[in-house]
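Me: I'd like to learn how to read the packing and the charged pairs in a protein model. Could you walk me through one?

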Amino acid sequence: MNVPLEGRNVMMLREMAAPVPAPLAAPRSEGVNTATLSKDADKKDSGSPAAHVRSYFPEALYINPEIITDQNGDASITIPLADSITTWRMAMLASTTHGALGSATSSLKVFQDFFVDLDLPLTLTQGDRVSVPVAVYNYSGTRGDVGLKLQADGWFSLVDDVSEKAVSVKSAQVGGSQFTLEAKRIGKFNLTLSARMNSGANRADVVVREIEVIPNGREQNLVFNGRLENTVQHELNFPATSIPDASKIFVRLYPGPLSQVIEGMDSILSMPGGCFEQTSSSTYPNVLALDYMKRTKKLTPEVHAKAEGYIANGYQRLLTFEVPGGGFSWFGSAPANKILTAYGLMEFYDMSKVYDVDANLMLRTQQWLASQQQADGSWKPDASFINEGATNRFNSDALRITAYIAWSMENTGYQGPVVEKAKQFVGSHMNAKMDAYTLAVVANFAVDYGKDRDFTRHAMQLLLDARTEKDEQAWWNSEETGVYATGASASVETTGLAVQALLKWGEASGTARKAMSYIASKKDASGTWGTTQATILALRALLLATEKGTADVHGTLQVLLNGEVVEKLALTAENNDLLHQFVFKNVDPKGANMVEIRFEGKGGLAYQVVGKYFLPWDQKPENEALSINVAYDRTHLMQDDMAMVTATVKNNLPKAANMVMVDLGIPPGFDLLSEDLQTYVEKSASQKSGRLEKFSMTATQAILYFDSIAPGYMVTLQFRLRAKYPIRARTFQSRVYEYYDPEVNSVARPVQLEVEKR
């Protein structure tokens, strides 16, 4: 493919639509780029065509953030095509060496004159039964008798059905059939369907679709984090009531800091990303990774391209949250939030070290923050969290917000009297009654300011005095942080900030080491620290702790399961900064499993052992802080019927629940009518409590972002589901939780729905 654009160019190929619909005649190629999936020229002895096996179906085919052209403005790229029979949309942006901008769009149609397609759910629950629709597309020019064959596999069984069927399809028409199967085994599997048309024009097609079968239960995890110097052992005991064949053991090894950042980079992408902080934090690991790799000369083209692509996408999304008049807010609407803006400013500054960030963006953000400063050097706290009525003694504390903004301005190189005035205010208001999070912010500002040793020593001593220390761990607890986190996430956030100050100060290495041990022990089973903000602060502390040295681990390692060696690994200079993960499925689900890791060599490394299992759904616990209930007006439907669903969420806390996330499970074989959610967004726009700021959709759930829910307030939301095809399946779980304290949560157990053929 030739790209006739001069200078630096960005190119993206995304799918425009589902499989090509059935027109009255075969699609013409006029005015559009067309590619035909090749049919092997070789024939079997019988003369039957050799079918092309189609198994690669990405949503985005090709993304390249930077294509460099030659002096004539031309560049040539090769794009391996996916197996989708569809039309791909091409979008290109370009800039010349003189700064001129240009853009272009085009399309690429991928066509095959005979093919089949499966409308298969991405996920089923063990025991679900589904009638999978099969569409047979015939553009060969002749009528044909098509034989369909569903390849047998142990993960499913056919229900009152056969694996081979026949259907007659006229030219330029679409034929249909279906296979009814029941999901038997847990795991990720392939479903393979072959089709062969016998007529004047012999044709064949094979399509392979991936599906995941999940356990019918609640996920639980056993997590052990530590540091490996020679040998460690952990015993994992799964409950006797755990679901058979659903238990796994993961062993993860982190020889260097980059391995933890890369894991965080991938894991954080699966977390919600609808507000400014979440979008910012999902971009930050890529910034941290690129900066670290450039400093340590470990930059690889693959990671560079991946990280830069994410940064480019995140940067553009972050710009949409800027408020007219200056600053950034949670969802891009006025008023701007000053602490959030200060956090974003620090990220833009860090991003500018590895990516081309508009200098005017940082300057106007600094100037907007400077314009908000009061005469005494302070900044007024934001009048609200996201809505009126959520303020408390923390987000009404002028010292906390002043120290945070001053730290941001100093950290990003702002020139002017603003920082000095803020330092005078902070210095005159420091005392031992400050909460730990404010102390950590003040300490970071004092160390980065660096012009007053007494000011720095006073701030650091107050921070040290506020720590909790036990054995080889030290940490700081906080009721609430700058992004309104509470509970365990607040402790990780605060300790992450404290460690950064201690490391930059350099005079309390023992406490810093113990604090890093605490942070390492709190990593969860998904490779994050619960929330985006806690994860970012933990990763920043980790990188700062190792920035003066790179991974220098060499040796051999063995992993033993129940006394038997199951994995061996040699750590060398080529792989000692990569994440190494081993997954063991053949574990004893009813008893004890002993995991042992042995290391011989130089240095040490962090590790994590996770035991994942599932328990059958039990009754909802009483007196939940948040509660959710999802009710269906009917559970037996006909194909194409609508079901009305009522979701109720209640805050049972004596205080407002901030940044409340609701994940609504979409049952397999159903479409959720998103216009119902949009109607509620508009309806709740003027509400003080329970305002739905935005929502996003995936194949299995709708993710709802509520600003906050007042004490005792109940949100009632109705939406419709359309039954697409016959199925007997359980809905996916629905969940409500406080984003910045995910331990405050509730789950609505799945309900079985049944759809019959009309």
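**Cores and salt bridges**

Reply: Happily! The largest nonpolar core here has 104 residues, and those with the most contacts inside it are Trp330, Tyr404, Met409 and Leu463. Helix α8, residues 436-449, supplies the largest share of this core, with eleven residues. Do keep in mind that this is a predicted model.

Me: Why look for such a core at all?

Reply: In soluble globular proteins, nonpolar side chains tend to be buried together.

Me: Which residues is Tyr404 in contact with, leaving aside its neighbours within four places in sequence?

Reply: Tyr404 touches Ile339, Ala342, Tyr343, Met346, Tyr437 and Val441. There is also a second, separate core, made of 66 residues, and among them are Leu118, Tyr632, Val662 and Phe670.

Me: Now the charges. How many salt bridges does the structure hold?

Reply: It holds 33. A good habit is to ask of each pair where its partners sit in the chain and how accessible they are. Take Arg730 and Asp128, whose side chains meet in a salt bridge at 3.5 Å, N to O. Arg730 belongs to strand β36 (residues 727-730), while Asp128 is in the loop between β10 (123-125) and β11 (129-138), so this pair links distant parts of the chain, 602 residues apart.

Me: Are Arg730 and Asp128 buried or exposed?

Reply: Both Arg730 and Asp128 are buried.

Me: What does Arg364 pair with?

Reply: Arg364 forms a salt bridge with Glu322, and their closest N and O atoms are 2.8 Å apart. This pair also links distant parts of the chain: Arg364 is in helix α5 (residues 359-371) and Glu322 is in the loop between α3 (301-319) and α4 (338-351), 42 residues apart.

Me: Why does Arg364 count as partly exposed?

Reply: Because its relative accessibility is 36%, and partly exposed covers the range between under 20% and over 50%.

Me: Can we try the same reading on Lys423? Which residue is its salt-bridge partner?

Reply: The partner is Asp452, with the closest N and O atoms 2.7 Å apart. Lys423 lies in helix α7 (residues 418-429) and Asp452 in the loop between α8 and α9 (453-465), so the salt bridge ties together parts that are 29 residues apart in sequence. Lys423 is buried, because its relative accessible area is 10%, whereas Asp452, at 23%, is partly exposed.

Me: Which residues are linked in a network of salt bridges?

Reply: Asp119, Asp640, Asp671, Arg722 and Lys724 are linked in this way.

How values were computed
Residues numbered from 1 in each chain as written. Predicted model: local features only at pLDDT ≥ 70, side-chain atom pairs only at ≥ 80, totals over all residues. Heavy atoms only, no water. Core = buried A, V, L, I, M, F, W, Y, C linked by side-chain atoms within 4.5 Å. Buried < 20%, exposed > 50% of the residue type's maximum accessible area, 1.4 Å probe, protein only. Helix = DSSP H or I, 4+ residues; strand = E, 2+ residues; numbered from the N terminus. Contact = heavy atoms within 4.5 Å. Salt bridge = Lys/Arg side-chain N within 4 Å of Asp/Glu carboxyl O.
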